[in-house]
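Reader: I am new to this structure and would like a close look at a single part of it, taken slowly. Could you walk me through the residues that make up the core and the loops around them?

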Amino acid sequence: MGALPVFRWRLAPDGYATRRQLRARGLRPGGQGVAATLERPRRRREPLVAYLYRVDLAKPVRPMTPGRWAALAAANQARRICPQCRRDAGYVIPASLGTCVPCAYPDPDSPRSV
């Protein structure tokens with residue numbers, strides 16, 4: 001197989017789209033391989049590269065089933081539980097902290113009962 005076509009930034013022909021552009025149209029690549037690349041030049045660095053897929057070969061996004069909705073809700077709920085104090089933080093715990101804010105920065109003046 002030959003090399004993929006390479007297009008300059010903003011000069012890709014109609015019929016090609018990135019994953020995000022496909023998703024905005026309610027489509028997904030659907031198993032097709034990368035059809036072309038898009039390059040955005042940068043000074044003194046390698047160009048930014050985006051992969052393009054053919055729109056005519058794209059398939060519709062699969063609908064969410066009740067089981068998938070339940071799994072997504074459980075995953076989001078798990079992201080709110082502090083692994084240290086095991087409480088619901090009321091927000092998604094930042095990965096940079098790894099725990100809720102009171103556990104990450106305990107207040108020495110007021111002891112927190114766990």
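Author: What follows begins with the nonpolar core, goes on to three loop residues, and ends with the largest pocket.

The model is a predicted one, and a good place to begin is its largest nonpolar core, which is made up of six residues, namely Ala-17, Leu-22, Leu-27, Tyr-53, Val-55 and Ala-58. One of these, Ala-17, touches Leu-22, Tyr-53 and Val-55, and also Tyr-51 and Leu-52, when residues up to four places away in sequence are not counted.

Next to Ala-17 in the numbering comes Thr-18, which lies in the loop between strand 2 (16–17) and helix 1 (19–24). Thr-18 has a relative accessibility of 18%, and because buried means under 20%, this residue counts as buried. If residues up to four places away in sequence are again left out, Thr-18 touches Ala-50, Tyr-51, Leu-52 and Tyr-53.

A second loop, the one between strand 3 (27–28) and strand 4 (36–42), holds Gln-32, and Val-34 is also placed in the loop between strand 3 and strand 4. Gln-32 is buried, with a relative accessible area of 16%, whereas Val-34, at 28% relative accessibility, counts as partly exposed. A polar atom in the side chain of Gln-32 lies 3.3 Å from the backbone oxygen of Pro-29. Apart from its neighbours within four places in sequence, Gln-32 is in contact with Tyr-53, Arg-54, Leu-57 and Ala-58, and among the members of the largest nonpolar core are Tyr-53 and Ala-58.

Val-34, for its part, touches Leu-4, Tyr-51, Leu-52 and Tyr-53, not counting residues up to four places away in sequence. Although Val-34 and Tyr-53 are 19 residues apart in sequence, their C-alpha atoms are 5.4 Å apart in space. Tyr-53 thus appears among the contacts of Ala-17, of Thr-18, of Gln-32 and of Val-34.

Finally, there is the empty space to consider. Rolling a probe the size of a water molecule over the atoms shows where such space is left. The largest pocket holds about 220 Å³ of space, and its lining consists of 14 residues, of which Ala-12, Tyr-16, Gln-21, Leu-38 and Leu-52 lie nearest the centre of the pocket. Sorted by class, the lining has eight nonpolar, three polar and three charged residues. Leu-52, named here in the pocket lining, is also a residue that Val-34 touches.

Technical notes. Residues are numbered from 1 along each chain as its sequence is written. This is a predicted model: local features need pLDDT of at least 70, side-chain atom pairs count only at pLDDT 80 or more; totals for chains, interfaces and linings use all residues. Side-chain values use heavy atoms; hydrogens and water are left out. A nonpolar core is a set of buried Ala, Val, Leu, Ile, Met, Phe, Trp, Tyr and Cys residues joined through side-chain atoms within 4.5 Å. Buried means under 20% relative accessible area, exposed over 50%, partly exposed in between (1.4 Å probe, protein chains only). Contact means heavy atoms within 4.5 Å. Helices (H or I, at least four residues) and strands (E, at least two) are DSSP runs, numbered from the N terminus. A polar contact is a pair of N or O atoms within 3.5 Å; within protein, one must be able to donate a hydrogen and the other to accept it, and residues adjacent in sequence count only if both atoms are side-chain atoms. On a 1 Å grid over the protein atoms alone, a cavity is a set of points where a 1.4 Å probe fits but cannot get out, and a pocket is an open set with protein on both sides within 12 Å along at least five of seven lines; lining residues have an atom within 4 Å of a point. Grid points are joined across faces, edges and corners, and a volume is the space filled by probe spheres set on the points. Ala, Val, Leu, Ile, Met, Phe, Trp, Tyr, Cys and Pro count as nonpolar, Asp, Glu, Lys and Arg as charged, and the others, Gly among them, as polar.
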